[in-house]
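Okay, everyone, thanks for coming. Let me put the model up, and then I'll talk you through the contacts in it.

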Amino acid sequence: MIYPTLDFLQDQQFITLTEEENGRKKIEITLAGQQWLDENLEHLEHIQERVKARCVGFQLRKNPQMKRALDNFKAVLDLKVNQEETSDAQIKQIIGVIDRAALEISQMD
């Protein structure tokens with residue numbers, strides 16, 4: 001995923017890639033790349049906020065007990081909803097349980 005992105009940025013003349021003696025690549029932003037960044041700063045900040053929001057889940061999973069609990073929740077939900085006959089009433093109950101849990105967590109000090 002990284003290399004196609006670098007190729008795209010280079011094709012757009014937003015970056016330059018040069019080989020260094022140690023075999024590593026040096027990436028530098030071009031004037032056109034900096035101008036594009038400046039013009040799209042607000043949009044990029046929105047993307048960064050979304051990435052940060054996803055990182056919260058990553059941080060939660062660093063705790064072994066939290067990871068176990070989240071994995072258990074996903075497995076049970078998958079079994080109940082995707083692998084069994086689930087009635088509309090059961091789906092409503094599941095949604096209620098999830099909503100109540102979310103509310104309880106949000107009200108913690």
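So, salt bridges: searching the whole structure turns up three of them. And yes, this is a predicted model, so keep that in mind throughout.

Start in helix H4, residues 64-82. Lys 67 and Asp 71 make a salt bridge there, with the closest N and O atoms 2.7 Å apart. The two are four residues apart, so about one helical turn separates them. Asp 71 also meets Lys 74, side chain to side chain, at 3.8 Å from N to O. That step is three residues, again about one turn of H4. Put those together and Lys 67, Asp 71 and Lys 74 become one network through shared partners.

How exposed are these residues? Lys 67 is partly exposed, at 38% relative accessible area. Asp 71 comes out partly exposed too, at 30%, and Lys 74 is partly exposed at 44%.

The remaining bridge to show you is in helix H3: Lys 52 with Glu 49, 3.9 Å from N to O. They sit three residues apart in that helix, so here too we have about one helical turn between partners. Lys 52 counts as exposed because its relative accessible area is 51%, and the cut-off is over 50%. A word of care on H3, though: among the elements, this helix has the lowest mean pLDDT, 84, while H2 has the highest, 96. For the protein, the mean is 90, and 100% of residues reach 70 or more.

On to the aromatics. The search gives one aromatic pair: Phe 14 with Trp 36, tilted, 5.8 Å centre to centre and 35° between the planes. What does the pair tie together? Phe 14 is in the loop between helix H1 and strand E1, and Trp 36 is in helix H2, so the pair links parts 22 residues apart in sequence. Phe 14 is buried at 18% relative accessibility, whereas Trp 36 is partly exposed at 34%.

Trp 36 shows up again on the surface. With Ile 29 and Leu 37, this Trp forms a nonpolar patch of about 240 Å² accessible area together.

Last bit, the strands. E1 and E2 pair antiparallel over five bridges, and Leu 17 stands opposite Ile 27 in E2. The two strands make a hairpin with five residues between them, and in the turn Gly 23 has a positive phi of about 90°.

That's my tour; over to you.

Key
Residues are numbered from 1 along each chain as its sequence is written. This is a predicted model: local features need pLDDT of at least 70, side-chain atom pairs count only at pLDDT 80 or more; totals for chains, interfaces and linings use all residues. Side-chain values use heavy atoms; hydrogens and water are left out. Patches are made of residues with over 30% relative accessible area and no salt bridge: like charges are joined within 9 Å, nonpolar side chains (Val, Leu, Ile, Met, Phe, Trp, Tyr) within 5 Å. Accessible areas come from the Shrake-Rupley method with a 1.4 Å probe; for residues, only the protein chains shown count as cover. A salt bridge is a side-chain nitrogen of Lys or Arg within 4 Å of a carboxyl oxygen of Asp or Glu. pLDDT is the predictor's confidence in each residue, from 0 to 100. Rings of Phe, Tyr and Trp (its six-membered ring) pair if their centres lie within 6.5 Å; planes under 30 degrees apart count as stacked, over 60 as edge-to-face and the rest as tilted. Buried means under 20% relative accessible area, exposed over 50%, partly exposed in between (1.4 Å probe, protein chains only). Two strands pair if DSSP finds at least two bridges between them.
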